[in-house]
2 protein chains.
Amino acid sequence: MSTIAKALALLDLFSEAQPRLGLSDLQRLTGRDKATVHRHLVALEQAGFLEQDAATRAYRLGPALTRLAGMRTRTVPEVEMLRSVIDNLSRDAGELVHVSRLQGFDLVHVHHAEEHDHPVRVSFDAYGLPPLFATASGKAYLAFSPGGVLDLALADPRTRLPDTSPPNRLEIEAELKRIAMRGYASNRDALRLGVSSVAIPIFDAASRAFATCSIAYPTGRGGKATETHLARLLMQRGEDISQAMGGAVPPQIAELWTPRQERAAS
Amino acid sequence: MSTIAKALALLDLFSEAQPRLGLSDLQRLTGRDKATVHRHLVALEQAGFLEQDAATRAYRLGPALTRLAGMRTRTVPEVEMLRSVIDNLSRDAGELVHVSRLQGFDLVHVHHAEEHDHPVRVSFDAYGLPPLFATASGKAYLAFSPGGVLDLALADPRTRLPDTSPPNRLEIEAELKRIAMRGYASNRDALRLGVSSVAIPIFDAASRAFATCSIAYPTGRGGKATETHLARLLMQRGEDISQAMGGAVPPQIAELWTPRQERAAS
DNA sequence: TCTTAATGGTTCATATAATGAACCGGTGGA
DNA sequence: TCCACCGGTTCATTATATGAACCATTAAGA
């Protein structure tokens, strides 16, 4: 393990639970010699990756990180930021994975990845701008947005399939509540016959839903078991996806997506 | 120079102008041996601080940066994030520096720093919620916000001093335009007699003004020369301040604040 | 009050890990 | 075909990271 890797590994020890760590804490967590850890800390601090509280002498993550992260989000297109995590998800799921961003109430395509494991799989055509209420993505977005958004969506004719009446308000509210409870939205044959999907929202830096990620699979492939399996995969990657876009999943939803013991392990 | 510092210095070579750099580019920029640079790059990539484009083999800033930066903004209070840069600014200016955040049209105090160089200096009392139109900060915010914001501000009685009529619309528009042109707002004796100030906006991650930073000084101390001197100091630190809060200054304003040659040097 | 055990930080002989000249294989002009 | 440049690798040499022992300070505990 290179010296660089050892030093950078120190940064990963900082967490929401423990944002401030002292020299001894880090020495214990790493098992390395105190002098070694200290020199690493000094190097990281001089580069601005850590900063030291003058009073407590504890270390915390430094300003260089926000500077460089800002540079990244400005210079790297969002497609590139998503690619590795979405590709991995597609490989694990063996199905088509789909990321859309919300522009008004339009779901505009951002990125997709497909895996060729299954002989029969959902083909992706840019069937642009599907109505919000006809997709798992749309419902995932609405279920994790503030209340007023639903009212606006119900009023807008673009959110439903052409030549249909607005969705029943009480039914939709009940469904969105169920989605918010279990953490993901699902759909069976709603938009295209034979195509089912599961979806979760993607959150921005202010923890507001602004995009969605979905997995589409042939309805014929499986029943409830398939759905829950794919939803689990999706939710496990939920935090990675939001983080890749520079956002943050609200704590209670993160807890819903990845149960306590898994979070502790990571 | 430690190995860690050398590796981390590589990250600073990535910029908006050159977000993708190849091995040879980095080797030239650092003057170090190619093998050395390559091993550093691999270490950084494995830690997620860089990622390599599979096609071009060029490197770009990696996802670990956004992850850690998000952690920082969530765990470190904004006061702490500002402290070092504001303290430095106060020391350089020798005057009271002041950061306020906008909540609706209220300027709420976030952080301040005072330097004791001058025997006579502006004393800070928490004269809470000064009206927008009576402060340099307020005008700096309005001058760098979308047009509609001014309309709302003019309509709100809280934005002006009690028992005064609303500001003349044309006059204000002309002043805000002048502020936007030169990059900073100024005030002489408007809110408190004997107190002048200069101010600039602070931008969030979406490059929207959401807070302000101002320097206050006794009006008696100097005339136009003092004002431009302090404004220059303020604008030079403008990018650092926004970046410290996790935000980004819009390019054209960054250019206005720090002329081309200085930017090239950094 | 004197002890003890934490804390953060430093020193310097030692050993390990970083270094760089030379090398490889591939690609894209001239 | 040649040549230059690219990203990447190898291995003897050397410089650098390492860690046991040390110091100074603080805060309980007896």
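Student: By class, how many residues of each kind does the surface near DNA strand C have?
Tutor: Heads up, this is a predicted model: local features need pLDDT of at least 70, side-chain atom pairs count only at pLDDT 80 or more, and totals for chains, interfaces and linings use all residues. "Near" means that a residue's C-beta atom, placed from the backbone, lies within 6 Å of the molecule or strand. Ala, Val, Leu, Ile, Met, Phe, Trp, Tyr, Cys and Pro count as nonpolar, Asp, Glu, Lys and Arg as charged, and the others, Gly among them, as polar. For strand C, that gives three nonpolar, seven polar and seven charged residues.

Student: Which residues come nearest to DNA strand C?
Tutor: On labels, residues are numbered from 1 along each chain as its sequence is written, while chains are lettered from A and ligands numbered from 1 in the order in which they are written. There are 17 residues around DNA strand C, and those that come nearest are Thr3(A), Gly22(A), Ser24(A), Asp33(B) and Ala35(B).

Student: Which helix gives the most to that surface near DNA strand C?
Tutor: Helices here are DSSP runs (H or I, at least four residues), numbered from the N terminus. Chain A brings in H2 (23–30) and H3 (34–46), and chain B brings in H1 (3–11) and H3 (34–46), each with at least two residues. The top giver, with four residues, is H3(B).

Student: And which helix has the largest share near DNA strand D?
Tutor: Around strand D, Asp33(A), Ala35(A), Thr3(B), Gly22(B) and Ser24(B) come nearest. H1 and H3 of chain A, plus H2 and H3 of chain B, each supply at least two residues. The largest share, four residues, belongs to H3(A).

Student: What kind of axis relates the two copies?
Tutor: Copies are superposed by least squares on the C-alpha atoms of residues with pLDDT of at least 70 in both. Chain A lands on chain B after a rotation of 180 degrees with 0.0 Å of shift along the axis, at an RMSD of 0.1 Å. So the copies are related as by a two-fold rotation axis.

Student: Which residue of chain A comes closest to that rotation axis?
Tutor: Look for the C-alpha that sits 2.5 Å from the axis. In chain A, that's Ile4(A).

Student: How are H1(B) and H3(B) oriented to each other?
Tutor: Axes are lines fitted to C-alpha atoms, for helices over the stretch in contact, and angles run from 0 to 180 degrees between N-to-C directions. These two pack at about 75 degrees, with axes 10 Å apart. Angles of 65 to 115 degrees count as roughly perpendicular. H1(B) and H3(B) are therefore roughly perpendicular.

Methods:
Angles under 35 degrees count as roughly parallel, over 145 as roughly antiparallel, 65 to 115 as roughly perpendicular and the rest as oblique.
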